[in-house]
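This report walks through selected features of one protein model. Keep the sequence and the 3D view open while reading.

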Amino acid sequence: MVEIDTNYLEQQFIDYCRYNTRSDAQSQTIPSTPGQIDLAKRVVTDLKKLGLKAWYNEKNGYALGYVPGNCDKKISAVGFFAHLDTADYPADNVSPQVHPDYDGRDVILNEEKQIILRVAEFPELKDLAGQRLITTDGTTLLGADDKAGVAALLAAVQSLVTQPEIKHGPLYVAFGPDEEIGQGAKRFDETEFPVEFAYTLDNGQPGDLEYETFNAAAATVEIEGTAVHPGDAYHLMVNASSLAHELVAGLPLAEVPEKSRGRQGFIMVTRQESTPDHAHLELIIRDFDQQLFANKKQLLKDLAQQINDRYDQERVKIEIKEQYSNIGEEIKKNPAIVKLALKAYDTLGLKPNIVPFRGGTDGNFLTEKGIPTPNLFNAGHNFHGKYEYVTVEGMQTVAQTIIEISRAHANTK
């Protein structure tokens, strides 16, 4: 098993967490917040300190680096992605707390405010006894999503540079902005990343492997009513609020997020505002299966048409925008991508846990750009909040997995 400099890994992670890289969906800048630029340029500096070619793309906010191969064979390059931004949660003055040789018990994050990371609430903590635990101070998120992936990727690269006996092909590494708001990878320039395939390092525990995602769409519904005084409403009023209720009531009761799991899809109302005069609804549509996904979109259109058929004008207007597509079909055309990951897991003694990812990743947009990109893991827990944590050992496993995939790829050609 390859040695990872865990002191370097831990310090890089802590340093990166201190950058406020919270993305902003309302921003018109690229990237959406200045802290992401600062961290991207810091990562470029760190890569250059390792003697590597690295650069920052001003147009899309990506930090990129190139690790030349050191084996005799001529093989294609592999890519690895991690994202720099954090979710919509307080991220000013992040102060990571290190708990060496964690004892498996409750952790007081903030004594003054009595914020406690409780084992009863998060029982997976017990499995981390003896490891080097890193938590928040209870006032911010930590940023393990995805700075654990960022730091682990840097640590893997450092190991490849300082241990030339590890034979591998060429690698490209990318650190992107605005993943949390679904914008970063849309702008990625694949022409400066000439790889055969890649992996994202986002969420998940050691052994997790996600090469299927939802198909996703967003629907906007506008309903025009006719508002009159309720005392004179007979045969005159068309209540937009009532029509909105009717449309929502026509959706399958069991196909909602709180009643679905695994490969089951759903339709979710994310916003609803209505008066008798006008109603506005926003929905998201998700499914792994292309036909079921199409059926859900058609159902919304049919419900709108059923209402419109009762009136002499179009009362309900619906617009459906595609968001991203399931990467599974493309990954299945390239089975070696999954086999490499599973081989690395086997080498490291990790139990594979292949699961469909109930969401989307940067890999959706990268796959659309011609770079098949499944997701591995970053070993963090409780993302997007004050109870977020990760262990150095978990990030070390991420780094080792990156190296084993790179080494296995060099040995398969």
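## The three-stranded sheet

Thr135 stands opposite Tyr389 in β16. The model is predicted. Strand β7, residues 133-135, runs antiparallel to β16, and three bridges join the two. Both strands belong to an open sheet of three strands, ordered β4-β7-β16, with antiparallel pairing. Its edge strands are β4 (97-99) and β16 (389-391), and each of these pairs on one side only. Neighbouring strands here are turned by 25 degrees against each other on average, direction ignored.

A helix packs on this sheet. Helix α9, residues 392-412, lies across β7 and β16. The angle between α9 and β16 is about 65 degrees.

## The four-stranded sheet

A second open sheet holds four strands in the order β12-β13-β11-β14. The pairing is antiparallel. The edges are β12 (266-274) and β14 (316-324), each with pairing on one side only. On average, neighbouring strands of this sheet are turned by 15 degrees against each other, direction ignored.

Inside the sheet, β11 (residues 215-224) pairs with β13 (residues 278-287). The sense is antiparallel and the pairing runs over 10 bridges. One position to look up is Ala217, whose bridge partner in β13 is Ile285. Strands of a sheet pair through backbone hydrogen bonds, either parallel or antiparallel.

## The β1-β2 hairpin

Strands β1 and β2 run antiparallel and are joined by four bridges. Ala54 has Gly65 as its bridge partner in β2. Six residues lie between the strands of this hairpin. There, Gly61 takes a positive phi near 80 degrees.

Which side chains of β1 are buried? Ala54 and Tyr56 point to one face and are buried. Lys53 and Trp55 point to the other face and are not buried. The pattern follows the alternation along β1, residues 53-56. In a regular strand the side chains alternate between the two faces of the sheet. Lys53 also lies over the face of Trp55, at 5.4 Å from the ring centre.

## Aromatic pairs and charges over rings

The structure holds 13 aromatic pairs. One of them joins Tyr66 and Tyr172. Their ring centres are 4.7 Å apart and the planes are at 45 degrees, a tilted pair. Tyr66 lies in strand β2 (residues 63-67) and Tyr172 in strand β8 (residues 171-176), so this pair ties together parts that are 106 residues apart in sequence. Tyr66 is partly exposed, at 24% relative accessibility. Tyr172 is buried, with a relative accessible area of 14%.

Phe188 and Phe193 make an edge-to-face pair, because their planes stand at 80 degrees with the ring centres 5.4 Å apart. Phe188 and Phe193 are both buried. These four residues share one aromatic cluster with Tyr62 and Phe81.

Another charge sits over a ring elsewhere in the chain. The charged end of Arg315 is placed over the ring of Tyr311, 5.6 Å from its centre.

## Asn203 and its contacts

Where is Asn203 found? Asn203 is in the loop between β9 (197-200) and β10 (208-209). Is Asn203 buried or exposed? Asn203 is buried, because its relative accessible area of 17% falls under the 20% limit.

Which residues does Asn203 touch, leaving aside those up to four places away in sequence? The partners are Asp145, Phe357, Asn375, Leu376, Phe377, Asn378 and Phe383. Leu376 is 173 residues from Asn203 along the chain, yet their C-alpha atoms are separated by 7.9 Å.

## Cysteines

How many disulfides does a search of the whole structure find? The search finds zero. A disulfide is a covalent bond between the sulfur atoms of two cysteines.

Two cysteines show how accessibility can be read in this model. Cys17 counts as buried because its relative accessibility is 1%, under the 20% limit. Cys71 has a relative accessible area of 22%, so Cys71 is partly exposed.

Terms used:
Residues numbered from 1 in each chain as written. Predicted model: local features only at pLDDT ≥ 70, side-chain atom pairs only at ≥ 80, totals over all residues. Heavy atoms only, no water. Disulfide = S-S within 2.5 Å. Buried < 20%, exposed > 50% of the residue type's maximum accessible area, 1.4 Å probe, protein only. Pairing = 2+ DSSP bridges. Axes fitted to C-alpha atoms, helices over the stretch in contact; angles between N-to-C directions. Phe/Tyr/Trp six-rings, centres within 6.5 Å; stacked < 30°, edge-to-face > 60°. Lys NZ or Arg CZ within 6 Å of the ring centre and 35° of its normal. Contact = heavy atoms within 4.5 Å.
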